[in-house]
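Visitor: I am new to this structure. Please pick one part and take me through it closely, in short steps.

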Amino acid sequence: MAFEEKIEVIESIECHVGQFIDEKMLDPKDSWQPSDFLPDFSDINFVDKVKALQQSISNVPDSVLVSLVGNMITEEALPSYQTFFNLLKGINEERNVANTRSWVRWSRLWTAEENRHGDLLNEYLYLSGRVDMSAVEKSIQRLLYNGIDLQTMGDPYHGFIYTSFQERATKISHVNTGKLAYKSGDTALAKICNIIAGEEAVHEKAYKFFMGKIFESDPNGGLSAFVAMMKKKIVMPASLMDFGTKKKQYLNYANVTQKIGIYTSHDYASIIDHLVKFWGIDKLRNLSDEGNRAQDFLLTLADRYYKLAERIQDPTEIQFVWLKKA
Ligand SMILES: [Fe+2]
Ligand SMILES: [Fe+2]
């Protein structure tokens, strides 16, 4: 389908975006803020509260901390996400970020929520005293400078396949980090991870819903976008943090999340599995030849990734980047 027709589809489902915002999204005035979860500097007991925070995070393993830092850096790259989203064709043809159109409003609501995730994790990690904040801040700056290339080529269908996948991946990552924090005795951190994961779940729901509407209007186009993104593989947005450097911070982070089960190749397969089932790919009928081929490809894809995940050896050597040397 030509881009012009895709833009028509995007415009035709805009009413559903507005409805999702009105029914499912919190108004920013009612939303939690990072400071709700952090010691207050003006509190006379501030020092004791920070000591208590440091005490409870002290048993969280380095590996969990590295993965938390990686999650946080991913969140902190959010200016790139708002840019990415508004550059998708059909989303913001007026080129006005303050536009009241539902798609543009969605882009702001979504990224304004993400902004709090980065802030909260950043401040918590700063207070923990265990993180080399300067190294972390350099990674954030470099990642923002490098930008993100989610390989969606400005195509909104590709964009929503990407974000459906990525929001689910992010949710899994925060949930699993929370479980490990809880196991290590940091219940406050576990709660923070769960609160963030809850919002990722709403973002995932939104993108799957938007993409579902595309499948209803243009099943062949939706299938072809799904296949295209799966063939390119979903790259994590933080993967460009190493670009142009000799450092391998992203690789170390990815190795750690694989090794300790925060986000693994099995999760990658399970997300494909979930999305194929959620969008009822097996039930799509009256497809073009290309659509039929895409459907066949997608219906066996998760199994292929599950098998691959079984064969993947966990990395033996992992480096704990971003942490203060003991
Ligand atoms: Fe987030
Ligand atoms: Fe999100």
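Guide: Let us begin with a definition: helices are DSSP runs of H or I with at least four residues, strands are runs of E with at least two, and both are numbered from the N terminus. This is a predicted model, in which local features need pLDDT of at least 70, side-chain atom pairs count only at pLDDT 80 or more, and totals for chains, interfaces and linings use all residues. Residues are numbered from 1 along each chain as its sequence is written, chains are lettered from A and ligands numbered from 1 in the order in which they are written, and side-chain values use heavy atoms, with hydrogens and water left out.

Start at helix α9 (residues 187-217). K208 and E204 both sit in this helix, 4 residues apart, about one turn of it. They form a salt bridge, with the closest N and O atoms 2.8 Å apart. The term means a side-chain nitrogen of Lys or Arg within 4 Å of a carboxyl oxygen of Asp or Glu. Side chains of opposite charge can pair when their charged atoms come close. Both K208 and E204 are buried. Buried means under 20% relative accessible area, exposed means over 50%, and partly exposed lies in between (1.4 Å probe, protein chains only). The pair also belongs to something wider: R168, K171, E204 and K208 are linked in a network of salt bridges.

Stay in helix α9 for the metal. E200 and H203 are 3 residues apart there, so about one helical turn separates them. Each of the two, E200 and H203, is buried. Both coordinate the iron ion (ligand 2), together with E114 and E167. The donor atoms are OE of E114, OE of E167 (listed twice), OE of E200 and ND1 of H203, at 1.9 to 2.7 Å. Donors here are N, O and S atoms within 2.8 Å of the metal (3.2 Å for Na, K and Ca); water is not among the atoms, so sites may look incomplete. Along the chain, the donors of the iron ion (ligand 2) follow the spacing E-x52-E-x32-E-x2-H.

Now the other iron. The iron ion (ligand 1) lies 3.8 Å from the iron ion (ligand 2), and E114 coordinates both. The protein donors of the iron ion (ligand 1) are E75 (OE, listed twice), E114 (OE), H117 (ND1) and E200 (OE), 1.9 to 2.3 Å from it. Their spacing along the chain is E-x38-E-x2-H-x82-E. Distant parts of the chain are linked here: E75 is in helix α4 (residues 62-76) and E114 in helix α6 (residues 102-128), 39 residues apart. E75 and E114 are both buried.

Back to the charge pairs. The structure holds 14 salt bridges. One joins D155 to K6, with the closest N and O atoms 2.5 Å apart. D155 lies in the loop between α7 (133-146) and α8 (156-183), and K6 lies in helix α1 (residues 3-12), so this pair ties together parts that are 149 residues apart in sequence. D155 counts as buried because its relative accessibility is 5%. K6 is buried as well, at 8%. From K6 to N86, the distance is 16 Å, C-alpha to C-alpha, with their positions 80 residues apart in sequence.

For contrast, look at another pair. D273 and K277 meet in a salt bridge at 3.0 Å, N to O. They are 4 residues apart in helix α12 (residues 265-278), so about one helical turn separates them. K277 is exposed, with a relative accessible area of 59%.

Helix α1 also holds E11. At 40% relative accessibility, E11 counts as partly exposed. It is part of a negative surface patch formed by E4, E5, E8, E11 and E93. Patches take residues with over 30% relative accessible area and no salt bridge; like charges are joined within 9 Å, and nonpolar side chains (Val, Leu, Ile, Met, Phe, Trp, Tyr) within 5 Å. Accessible areas come from the Shrake-Rupley method with a 1.4 Å probe, and for residues only the protein chains shown count as cover. Lys and Arg count as positive, Asp and Glu as negative; His and the chain ends are not counted. Each charge is placed at NZ of Lys, CZ of Arg, CG of Asp or CD of Glu.
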